[in-house]
Amino acid sequence: MLRFFLALTFLLPAALTAQARTVFVVRHAEKVDASRDPELSEAGKARADALARALADANIDAVITTQFIRTRETARPTAEARRLTPIVVAASADAAAHVKAVADAVRARPAGESVLVVGHSNTVSAIVAALGGSRVPDICDAHYANLFVLVVPDSGATRTARASFGAPDREEPTCQGMRE
């Protein structure tokens, strides 16, 4: 499914893509525990590697994370493959201010660039919306495989596609958010 959406994104007319940024928005990968700033678990490390493989042909020009280890470790394989230093947009108690700062950081990138944004379950949907993307439900705590692809033009409507990467998410009976 991911290859279909990537092909769709990259086959857009040159005039549109030259005026737009392609933005990939994901939640951080699986963490080792529920502490405040945990590292990735083995499953999370495998997912981070899967993200790098999924985006290998996307020519990522910038990576945006929060200050937390789990977002930085999720982005690391992609950033290292592209020899990029991630841009850290600090998360804070004011989630709306953080989301705005991430959207501003994306829009500050030159037109034509591809940007990876690694967020959190409580910010991914809001970041997609702040970039003009389609409304997406909140992400359940047990879900890590969602990948949103947005084509964000300088003017006009943002195009949004949803794909997945890495291992499928496990079912969570109480989850009212997204399901694969």
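Visitor: Why does Lys45 count as partly exposed?

Guide: The model is predicted, and its values are computed. Lys45 has 37% relative accessibility. Buried means under 20% and exposed means over 50%. Lys45 lies in between at 37%, so Lys45 is partly exposed.

Visitor: What makes Glu42 exposed?

Guide: Glu42 has 62% relative accessibility. The cut-off for exposed is over 50%, so Glu42 counts as exposed.

Visitor: How do you know that Glu42 forms a salt bridge with Lys45?

Guide: Their closest N and O atoms are 3.5 Å apart. The limit is within 4 Å, so the pair counts as a salt bridge. Both residues lie in helix H3, 3 residues apart. That is about one turn of the helix.

Visitor: How many salt bridges does this rule give?

Guide: The count comes to 7. One of them joins Arg47 and Glu30, at 2.9 Å from N to O. Arg47 sits in helix H3, and Glu30 sits in the loop between strand S1 and H3. They are 17 residues apart, and the pair links distant parts of the chain.

Visitor: Are Arg47 and Glu30 buried or exposed?

Guide: Arg47 has 4% relative accessibility. Glu30 has 15%. Buried means under 20%, so Arg47 and Glu30 both count as buried.

Visitor: What makes Glu113 and Arg109 a salt bridge?

Guide: Their closest N and O atoms are 2.8 Å apart. That is within 4 Å, so the pair qualifies. Glu113 is buried at 14%. Arg109 is partly exposed at 23%.

Visitor: Why does Glu73 have no salt bridge?

Guide: The nearest side chain of opposite charge is Arg76, 4.3 Å away. A salt bridge has to be within 4 Å, so Glu73 and Arg76 do not make one. Glu73 is buried all the same.

Visitor: What does the side chain of Glu73 reach?

Guide: Glu73 reaches the backbone nitrogen of Leu40 at 2.7 Å. A polar contact is within 3.5 Å, so this distance fits the cut-off. Not counting residues up to four places away in sequence, Glu73 touches Glu39, Leu40 and Ala48.

Visitor: Where is Glu73 found, and which residues make the contact between H3 and H4?

Guide: Glu73 is in helix H4, residues 69-82. The axes of H3 and H4 come within 8 Å and cross at roughly 35°. H3 contributes Ala48, Asp49, Leu51 and Ala52 to the contact. H4 contributes Glu73, Thr74, Pro77 and Thr78. H3 passes H4 in a right-handed crossing.

Visitor: Why does Asp169 have no salt bridge?

Guide: Asp169 is buried, in the segment after strand S6. The nearest side chain of opposite charge is Arg47, 4.1 Å away. The limit is within 4 Å, so Asp169 and Arg47 are not counted as a salt bridge.

Visitor: Which backbone nitrogens does the side chain of Asp169 reach?

Guide: The side chain of Asp169 reaches the backbone nitrogen of Tyr144 at 2.6 Å. The backbone nitrogen of Ala145 is reached at 3.1 Å. Both distances are within 3.5 Å, so they fit the cut-off for a polar contact.

Visitor: Why is Arg83 called exposed?

Guide: Arg83 has a relative accessible area of 77%. Exposed means over 50%, so Arg83 qualifies. Arg83 lies in the loop between H4 and strand S3. Arg83 and Ala62 are 21 residues apart in sequence and 9.9 Å apart in space, C-alpha to C-alpha.

Methods. Residues numbered from 1 in each chain as written. Predicted model: local features only at pLDDT ≥ 70, side-chain atom pairs only at ≥ 80, totals over all residues. Heavy atoms only, no water. Helix = DSSP H or I, 4+ residues; strand = E, 2+ residues; numbered from the N terminus. Buried < 20%, exposed > 50% of the residue type's maximum accessible area, 1.4 Å probe, protein only. Lys, Arg positive; Asp, Glu negative; His and termini not counted. Polar contact = N/O pair within 3.5 Å; in protein donor to acceptor, adjacent residues only side chain to side chain. Contact = heavy atoms within 4.5 Å. Axes fitted to C-alpha atoms, helices over the stretch in contact; angles between N-to-C directions. Left-handed = near helix turned anticlockwise from the far one by under 90°.
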